Amino acid sequence: MNKYQNVGTYDAGIITAPGTAPGGAMTMDAAGIASGQAFLVSELEKRDTLIRKPLTSVTYPRDIVVRSGGGWVDYVSAHSVGYGITGGSGSGVIQAGGANGLPIVQANMEKGLYKAHAFAAALRVMWVDMQKANFAGRSLDQMLQDGMRLAYDKHMDQNVYTGIPEYGSWGLVNHPDVTETAVTGGAWSGKSKEKILADVNNAVTTVWEAAEYDEDAMPNHILLPYAQYTYILHTPVTELATETILDYVMKNNVAAKNGKSLYIGAARWCKGAGTDGLDRMVVYVNHERFLQVEELVPLTRAMSQPNAADFCYDTAYAANLSEVELFYPQTMMYFDGI
């Protein structure tokens, strides 16, 4: 019989491995080497220590001011004031000799209410799994915490861009108080750099005009679908030029010529967000005076306890968040069909 097929001999209740010399010493013959293969294979396995997480992205902190603090509330209130003067601020305030009255300035105070909602979720770590993870040198609790943060950030991303339809809230790309219009001349993929610049300048000027040309209300933020953003980012202005359409637009737009900084970026929520599923360009003022969202209570590890019935540890997380608070609807506009 081939000695590689020998699994050992049995003598008085003791199994002697093949290739073992008297006294139990291992010999360096082929049988002795073969008997250790199971151990060698496991020890010679290279373990990749990198844990690969899901592919995803969130961009809401870039596109809106996130204010923190406020506590567990159901609503967030904000006040605004409007002014009026008898006879108007033109000829109505001109005085002449013998005048016996003065025009009166009046103020109209209004309060807006914005809904808040609670985010709550839990993670569960089975006791046996936790022991196994500790033995392997990995933290199962930390991996689940990363998953909790991911769920929270994805919720915030939707809350900021589209709102939660079941909750009756809206976001940056679909707010019902924002004016919608369409670009002229078709999609950007078939336009020259001059026409794309004209679309951007027309959008910035239109919003600025609606804000009475207030210097602080000049739009400083434009969101595009990724396809359009990539097109202007990589398309050169001429065949021999190193400058792209995006470079050309950034240097020659109305905001830049008025000493303002204009940001143009991509957001996946803009694709198909327009009327009839058209791609949408969002133009607005990204400043807390005009627009914000609030983390009234940031994501918090609320409580943790052992659960003997299910042989695990349960941990609850919670946060309190507002819907998007748009204070000046005229400082935002949608342009569809780009």
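In the next few minutes I will go through one sheet in this structure, the helix that lies across it, and the nonpolar cores, keeping in mind throughout that this is a predicted model.

Let me begin with the sheet, which is an open one of five strands in the order 6-13-9-7-8, with mixed pairing. The strands at the edges are strand 6, residues 179-182, and strand 8, and since each has a single partner strand, one side of each is left without a neighbour in the sheet. From one strand to the next, the twist averages 20°.

I would like to stay with strand 7, residues 221-224, for a moment. With strand 8, which covers residues 263-266, strand 7 pairs in the parallel sense over four bridges, and there Ile 222 stands opposite Ile 264. With strand 9, on the other hand, strand 7 pairs in the antiparallel sense over three bridges; here His 221 has Tyr 284 as its bridge partner, while Leu 223 stands opposite Val 282.

What, then, covers the two faces of strand 7, or rather, which of its residues are buried on each side? On one side these are His 221 and Leu 223, and on the other they are Ile 222 and Leu 224, so that both faces are covered. In a regular strand, side chains alternate between the two faces of the sheet. As for the helix, helix 6, residues 193-210, lies across strand 7, strand 9 and strand 13, and runs at about 150° to strand 13.

That brings me to the cores. The largest nonpolar core has 29 residues, and among those that touch the most other members are Leu 223 and Val 282, the pair I have just mentioned, together with Tyr 152, Tyr 161, Leu 172, Leu 291 and Met 332. Among the elements that give two or more residues to this core are strand 5 (105-126), strand 9 (280-284), strand 10 (291-307), strand 11 (312-322) and strand 13 (332-336), but the largest share, five residues, comes from helix 5.

Leu 291 deserves a closer look: leaving aside residues up to four places away in sequence, its contacts include Ile 64, Val 65, Leu 172, Tyr 284, Val 285, Phe 327 and Met 332. Finally, there is a second, separate core of 27 residues, which includes Val 200, Ile 232, Tyr 248 and Leu 262.

Definitions and conventions
Residues numbered from 1 in each chain as written. Predicted model: local features only at pLDDT ≥ 70, side-chain atom pairs only at ≥ 80, totals over all residues. Heavy atoms only, no water. Core = buried A, V, L, I, M, F, W, Y, C linked by side-chain atoms within 4.5 Å. Buried < 20%, exposed > 50% of the residue type's maximum accessible area, 1.4 Å probe, protein only. Contact = heavy atoms within 4.5 Å. Pairing = 2+ DSSP bridges. Axes fitted to C-alpha atoms, helices over the stretch in contact; angles between N-to-C directions.
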